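Thanks for coming. I will take one chain today and go through its model on the screen. Please have a look before I start.

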Amino acid sequence: MAQVEYISIKNASRRVLDKMRMIGEQKAQRLQEVQERWDAGDYKEVEVVQL
């Protein structure tokens, strides 16, 4: 899956804006969970290949 950095939508409906906000919140939650697991030492012998 390709990484998308910026999305621009002209005249977006309220439903589209709400969906984009939900996607952003879910991504932040996933990153937070990964960070917590990383700090707790759940990942062993892991090599970071891309940031």
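Is Arg14 buried or exposed? Arg14 is exposed, at a relative accessible area of 57%. Buried here means under 20% relative accessible area, exposed means over 50%, and partly exposed is in between, with a 1.4 Å probe and protein chains only.

A word on the source. This is a predicted model, in which local features need pLDDT of at least 70 and side-chain atom pairs count only at pLDDT 80 or more, while totals for chains, interfaces and linings use all residues. Residues are numbered from 1 along each chain as its sequence is written, and side-chain values use heavy atoms, with hydrogens and water left out.

Now the overall picture. The chain has one helix and zero strands; helices (H or I, at least four residues) and strands (E, at least two) are DSSP runs, numbered from the N terminus. With a radius of gyration of 16 Å, well over the 10 Å that the globule rule gives for 51 residues, the chain is more spread out than a compact globule. That radius is taken over C-alpha atoms, and the rule is 2.2 Å times the number of residues to the power 0.38. The C-alpha trace spans about 45 × 20 × 15 Å along its principal axes. Buried residues make up 0% of the 51 residues.

The helix, α1, has 27 residues, and its end C-alpha atoms are 39 Å apart, which agrees with the 39 Å expected at 1.5 Å a residue. The expected span is 1.5 Å times one less than the number of residues.

Back to Arg14. The structure holds three salt bridges, each defined as a side-chain nitrogen of Lys or Arg within 4 Å of a carboxyl oxygen of Asp or Glu. Asp18 bridges to Arg14, with the closest N and O atoms 3.8 Å apart, and to Arg21, with the closest N and O atoms 3.1 Å apart. Within α1, Asp18 is four residues from Arg14 and three from Arg21. An α-helix has 3.6 residues a turn, so residues three or four places apart point the same way. Asp18 is partly exposed at 36%, and Arg21 is partly exposed at 43%. The remaining bridge joins Asp42 and Arg37, at 3.6 Å from N to O. Through shared partners, salt bridges join Arg14, Asp18 and Arg21 into one network.

Next, the aromatics. Rings of Phe, Tyr and Trp (its six-membered ring) pair if their centres lie within 6.5 Å; planes under 30 degrees apart count as stacked, over 60 as edge-to-face and the rest as tilted. That gives one aromatic pair. Trp38 and Tyr43 form it, tilted, at 6.1 Å centre to centre with 45° between the planes. Trp38 is partly exposed at 44%, and so is Tyr43, at 30%.

Three backbone points. Gly41, just after α1, has a positive phi of about 85°. Asn11 is not a glycine, yet its phi is positive at about 55°; Asn11 sits in the segment before α1 and is exposed at 82%. Glu45, also not a glycine, has a positive phi of about 50°; Glu45 lies in the segment after α1 and is exposed at 86%.

Which helix holds Ile23? Ile23 is in helix α1, and is partly exposed at 41%.

That is where I will stop.
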